[in-house]
There are 2 protein chains.
Amino acid sequence: MGRKHIKPGKVRLTEVAALAGVSPITVSRFFRNPDTVSAGRRLRIESAAKDLGYVPNLAARALASQRTEVIGVLIPSLTNNVFSDVLRGIYDAFEGSRYSIQLANTRYSVLQEERLLRLFLMQKPAGLIVTGVDQTAEGRALVQAADCPVVQIMELGPEPIDMMIGFSHVDACYAAISHLLAQGCRRIGFLGARMDPRVQRRLQGYQNAMKNAGLFDPRLIVTTAVPTSTTMGGNLFSDLMLRAPDIDAVFCANDDLALGVLFECQRRHIAVPEQIAIVGFNDMEFMAAAVPTLTSVRTNRYEMGLRAATMIMDDVEGRPVTGRVVDLGFEVIERQSSTLQRAALTGPVQADRASGTKW
Amino acid sequence: MGRKHIKPGKVRLTEVAALAGVSPITVSRFFRNPDTVSAGRRLRIESAAKDLGYVPNLAARALASQRTEVIGVLIPSLTNNVFSDVLRGIYDAFEGSRYSIQLANTRYSVLQEERLLRLFLMQKPAGLIVTGVDQTAEGRALVQAADCPVVQIMELGPEPIDMMIGFSHVDACYAAISHLLAQGCRRIGFLGARMDPRVQRRLQGYQNAMKNAGLFDPRLIVTTAVPTSTTMGGNLFSDLMLRAPDIDAVFCANDDLALGVLFECQRRHIAVPEQIAIVGFNDMEFMAAAVPTLTSVRTNRYEMGLRAATMIMDDVEGRPVTGRVVDLGFEVIERQSSTLQRAALTGPVQADRASGTKW
DNA sequence: AGCGATATTGACAGCGCTATCACACGGTTG
DNA sequence: CAACCGTGTGATAGCGCTGTCAATATCGCT
């Protein structure tokens, strides 16, 4: 035999329907689309539901309707606060909507990502947001088979699974290096941590720029697989100084590293930018507050999350998504740490000069 | 009539059972607890499932079993990176388990929190992790009625809903101020942003300490409802300097603020710690890298997340939870920015001296 | 060999909701 | 006035899985 007794206190659609004097299916309609129910019944159902404290059962709904309102989000790290901005955009966009977010952490592993993808797909998500373009072939296939809208975020690539929003890390870094070259820097170091695919592409941009300028020197590149941190910035910079004491600028693949470099320069009494210019990447909030203020490449992380979420919702709800591949661009925010003409290093904080090229 | 045709490609338990030559319920058992199925069938089912590409339907499972494996997590902010450490602990603990996490953002609003709680409860979560002790009465009632394990994190309070893990913000701040007093500071400012309940309690600790020392002066307190940021640290410090130019130390309710204060001191050529000592709160990574290294109150955020998650799992799975209220304590990490006897401010970074009182 | 105890397996009846079709009703239209 | 339409409502039959209990197979022991 199946279940024995029904708990007395349990409130289902049926109970609400009985109290309101309508059929269960009408109550179901009321909750999904109130307009399709006549005004009189609408009121009766509403008060009946409130009286009984009815709460819809999502599992039953998902089973009967063969779909859910869960959006899966896969990001590589919870520590790297680049992603907290993206997440904030995503959460803000879904705020108040009927969708809920399931977040998972791939820890920068494509295998982990594939496993999580598989896990998500068990829930028949309404949509998926994944980071980057380096999914495994199997992962891509899985997602494509699931046929729900998918947005790849953070960067752009040649073959979108479905939709895509990001910017070119190669170009962004190229622009940052070009800015340093324009300031007259010639021996520009590259510091990178973690070396995930996006940092790799920034390194590529650095190499392109340096080679084009005929200034490439592999000794100027110092990287580590260890995650980024301020302390690591100081360490990598120390390594760089050992290898190439003649550097006149440092590009850091993350702002954390740039802050660490700044502190290490203070410790070594190296004048920034006079002796060494510093440029970071991401334009975190603290960059504008540092002394000297630190140049960085602004990336539109919040907007990226917001728009990715909007694209998903539009697609799920059948609205046309204009532009399924969106380039959000970036902007080199030139500040004191890389502006050699100016030397008022200890003056008051100055407003961002978004004078850099907007891409 | 109900549904018409079954999609031909669809794979259910039944299809796997047919191919493996067993009953559907045996396949169900295999997926939930392989050990209860004999070895022979186990192999047949395993290969049948793989051949057919079977993927369990979680909605059906949830409906039939009347429970889910979703853990709801409510945090007030995605921006404040205090929470990213807690989250990392939570995600790490659930990693590889059968539970999945549903994360929501209350934006420091108890009403929003109540709404989200209601939303979560529709899914009959296996457990709930909520931030702080200031839920609405209705929110508490809802959660208690849901009867799933609940852990309140981040702080301690008199009436736990169920389980609780955190530390006393009042005591932590009291200890930090005591440290400054021990260093000979007398005019100690308090800077606070956002002023959420936990920052309020830190302020309380500050007041207690200052009053006990007979040094309390309301003009030394500068706060804002605006969220914390490095720039805001500089601004608040500037305000404080206007109000009380004779301060000899600043306690910052967040490390971001402390970093901003440090930069503002650099801008104003104020020597730290000789002229003004700085103490932060949370001991973020960059505090140990700054010049001078910045004193802070270490809070065990990662461990808090990890243990909260473990407590939930233990409780769900019927293991006894030893200590349903856990005080994780804190530690004042004394660094250069508040150590007045020592003045080697620009020497190499030194290892953390966890010489502070451990609570 | 015979017994109860234990491990495996299966049959059945739902879990609470929604897709689908059917139908009643009032208002048009030719 | 019949044929037609659109709107609101209801009856029915599942969605794919698991809780419960019963049945059978296997085992250790006297």
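# Contacts at DNA strand C and local features of chains A and B

A polar backbone atom of A:A60 lies 3.5 Å from a base nitrogen of DNA strand C. Welcome to this predicted model, in which the surface near that strand draws two or more residues from each of α2 (24-32) and α4 (58-65) of chain A, and from each of α2 (24-32) and α4 (58-65) of chain B. The points below begin at the DNA and then move on to threonine contacts, aromatic rings and backbone geometry.

**DNA strand C**

- There are 33 residues around DNA strand C, and those that come nearest are A:S28, A:Y54, B:T26, B:S38 and B:R41.
- Of the strand's atoms that come within 4 Å of the protein, 64% belong to sugar and phosphate.
- On chain A, an N or O atom in the side chain of A:K10 is 2.6 Å from a phosphate oxygen of DNA strand C.
- On chain B, B:T26 places a polar side-chain atom 2.5 Å from a phosphate oxygen of DNA strand C.
- Sorted by class, the surface near the strand is made up of 13 nonpolar, 11 charged and nine polar residues.

**The two ends of α4 in chain B**

- At the start of α4(B), B:N57 has a side-chain oxygen within 2.9 Å of the backbone nitrogen of B:A59.
- After α4(B) comes B:Q66, which has a positive phi, near 65 degrees.

**B:T68, in the loop after α4(B)**

- B:T68 belongs to the loop between α4 and β1 (70-75) of chain B.
- Its relative accessible area is 18%; because the cut-off for buried is under 20%, B:T68 counts as buried.
- A polar atom of the B:T68 side chain lies 2.8 Å from the backbone oxygen of B:K124 and 3.4 Å from the backbone oxygen of B:Q123.
- With neighbours within four places in sequence left aside, the contacts of B:T68 are B:A62, B:Q123, B:K124, B:P125 and B:A126.
- For a sense of scale, the C-alpha atoms of B:T68 and B:I333 are 42 Å apart, with their positions 265 residues apart along the chain.

**B:T224, another loop threonine**

- B:T224 is found in the loop between β7 (221-223) and α10 (230-243) of chain B, and at 17% relative accessibility it is buried.
- A polar atom of its side chain is 3.1 Å from the backbone nitrogen of B:V226.
- Setting aside neighbours within four places in sequence, B:T224 touches B:G192, B:A193, B:R194 and B:M195, and also B:M232 and B:L236.

**Aromatic rings**

- Over all chains, the structure holds 16 aromatic pairs.
- One of them joins A:F251 and A:F281 in an edge-to-face arrangement, with 6.2 Å from centre to centre and 80 degrees between the planes.
- This pair links distant parts of the chain: the two residues are 30 apart, with A:F251 in strand β8 (residues 249-252) of chain A and A:F281 in the loop between β9 (277-279) and β10 (296-299) of chain A.
- A:F251 is buried at a relative accessible area of 0%, and A:F281 is also buried, at 0% relative accessibility.
- A cluster linked by ring pairs takes in A:F251 and A:F281 along with A:F167, A:F190, A:Y206 and A:F330.
- In chain A, the charged end of A:K211 sits over the ring of A:F216, 4.7 Å from the ring centre.
- In chain B, the charged end of B:K211 sits over the ring of B:F216, with 4.7 Å to the ring centre.

**Backbone geometry worth a look**

- Most peptide bonds are trans, and most residues other than glycine have a negative phi.
- The bond between A:V272 and A:P273 is cis, with omega about 10 degrees, and A:P273 lies in the loop between α11 (255-268) and β9 of chain A.
- A cis peptide bond also runs from B:V272 to B:P273, where omega is near 5 degrees; B:P273 is in the loop between α11 (255-268) and β9 (277-279) of chain B.
- A:Y108 has a positive phi, near 60 degrees; this tyrosine is in the loop between β2 (100-105) and α6 (110-121) of chain A and is partly exposed, at 22% relative accessible area.
- B:M154 has a positive phi too, near 90 degrees; its place is the loop between β4 (150-153) and β5 (163-166) of chain B, and it is buried, at 4% relative accessible area.

Terms used. Residues numbered from 1 in each chain as written. Chains lettered and ligands numbered in written order. Predicted model: local features only at pLDDT ≥ 70, side-chain atom pairs only at ≥ 80, totals over all residues. Heavy atoms only, no water. Phe/Tyr/Trp six-rings, centres within 6.5 Å; stacked < 30°, edge-to-face > 60°. Helix = DSSP H or I, 4+ residues; strand = E, 2+ residues; numbered from the N terminus. Buried < 20%, exposed > 50% of the residue type's maximum accessible area, 1.4 Å probe, protein only. Lys NZ or Arg CZ within 6 Å of the ring centre and 35° of its normal. Polar contact = N/O pair within 3.5 Å; in protein donor to acceptor, adjacent residues only side chain to side chain. Contact = heavy atoms within 4.5 Å. Near = heavy atom within 4 Å. Nonpolar A, V, L, I, M, F, W, Y, C, P; charged D, E, K, R; others polar.
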